[in-house]
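User: I am new to this structure and should like to understand the terms used for it. Please explain each one against its definition.

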Amino acid sequence: MVLLTGCTTTTSGAAPTAGAATTASTPTACAARVETGSLPDWADAGFSGDARVPHVFGAKGDIVAVLFAHPLRQHREDGSNNKILWVAQASTTSPDPAAPATLVITATLDGTDTTVTREVAGGPGPSIIDLPQAGCWRLDLRWSGHTDTMDLVYAP
């Protein structure tokens, strides 16, 4: 028996997009919610007025990924890149002397054992995050002694 499930990406006015098929014994819990409203006050430094850019909040709400390329893509033939600005709440950026300042991203492709690690030197900030396959990725984020998770979808 095959059950069709998958990731959805929600943006204002857009319909959800279907993901890949998985077996009934491997249900997916991956769901990326891309918001297009205003950024919270703690994340809007450098943006003017009522900036509305695609962004995804971490599950705890301690970090936000501002997507300068939306949708994110496995291959970008137009010469652009998958630029993501990581912004953490000020209360989560005070360095823990025992924790590295680097933002460490461990990404796992939903429904698989495929895992990759990406690092953003200096902690949350600007980055180019390319992942090896299209699909829904669960990101485990670690920085300055803090952790959060989020799901991001990469289109083909």
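Analyst: The following exchange sets computed values against the definitions behind them.

This is a predicted model, in which local features need pLDDT of at least 70, side-chain atom pairs count only at pLDDT 80 or more, and totals for chains, interfaces and linings use all residues. Residues are numbered from 1 along each chain as its sequence is written, and side-chain values use heavy atoms, with hydrogens and water left out.

User: Why is the contact of Asp-151 with Arg-138 called a salt bridge?

Analyst: A salt bridge requires a side-chain nitrogen of Lys or Arg within 4 Å of a carboxyl oxygen of Asp or Glu. The closest N and O atoms of Asp-151 and Arg-138 are 2.4 Å apart, so the pair meets the definition. Asp-151 belongs to strand β11 and Arg-138 to strand β10, so the salt bridge ties together parts 13 residues apart in sequence. Strands here are DSSP runs of E with at least two residues, and helices are runs of H or I with at least four, numbered from the N terminus.

User: How many salt bridges does the structure hold?

Analyst: The structure holds two. Besides the pair just described, Glu-35 forms a salt bridge with Arg-33, with 3.7 Å between the closest N and O atoms.

User: What makes Asp-151 buried or exposed?

Analyst: Buried means under 20% relative accessible area, exposed over 50%, and partly exposed in between, with a 1.4 Å probe and protein chains only. Asp-151 has 7%, so it is buried. Its partner Arg-138 has 32% and therefore counts as partly exposed. In the other salt bridge, Glu-35 is partly exposed at 27%, whereas Arg-33, at 51%, is exposed.

User: How do you know that β10 and β11 pair?

Analyst: Two strands pair if DSSP finds at least two bridges between them. Strand β10 (residues 135-143) and β11 have nine bridges, in the antiparallel sense, so the condition is met. Leu-139 stands opposite Met-150 in β11, and Gly-135 has Tyr-154 in β11 as its bridge partner. Tyr-154 is also the bridge partner of Leu-72; β5 and β11 pair in the parallel sense over two bridges.

User: What makes β5 and β8 edge strands?

Analyst: Five strands form an open sheet of mixed pairing, in the order β5-β11-β10-β7-β8. Strands β5 (72-73) and β8 (115-120) each pair on one side only.

User: What is notable about phi of Ser-144?

Analyst: Phi of Ser-144 is near 45 degrees, a positive value in a residue other than glycine. Ser-144 is in the loop between β10 and β11, a hairpin with two residues between the strands. With a relative accessible area of 8%, Ser-144 is buried.

User: What is meant by the second largest pocket, and which residues line it?

Analyst: On a 1 Å grid over the protein atoms alone, a pocket is an open set of points with protein on both sides within 12 Å along at least five of seven lines, and lining residues have an atom within 4 Å of a point; in a cavity, by contrast, a 1.4 Å probe fits but cannot get out. The lining of the second largest pocket includes Arg-33, Glu-35, Arg-138, Met-150 and Asp-151. The largest share, three residues, comes from β11. The volume of this pocket is about 150 Å³, where a volume is the space filled by probe spheres set on grid points joined across faces, edges and corners.
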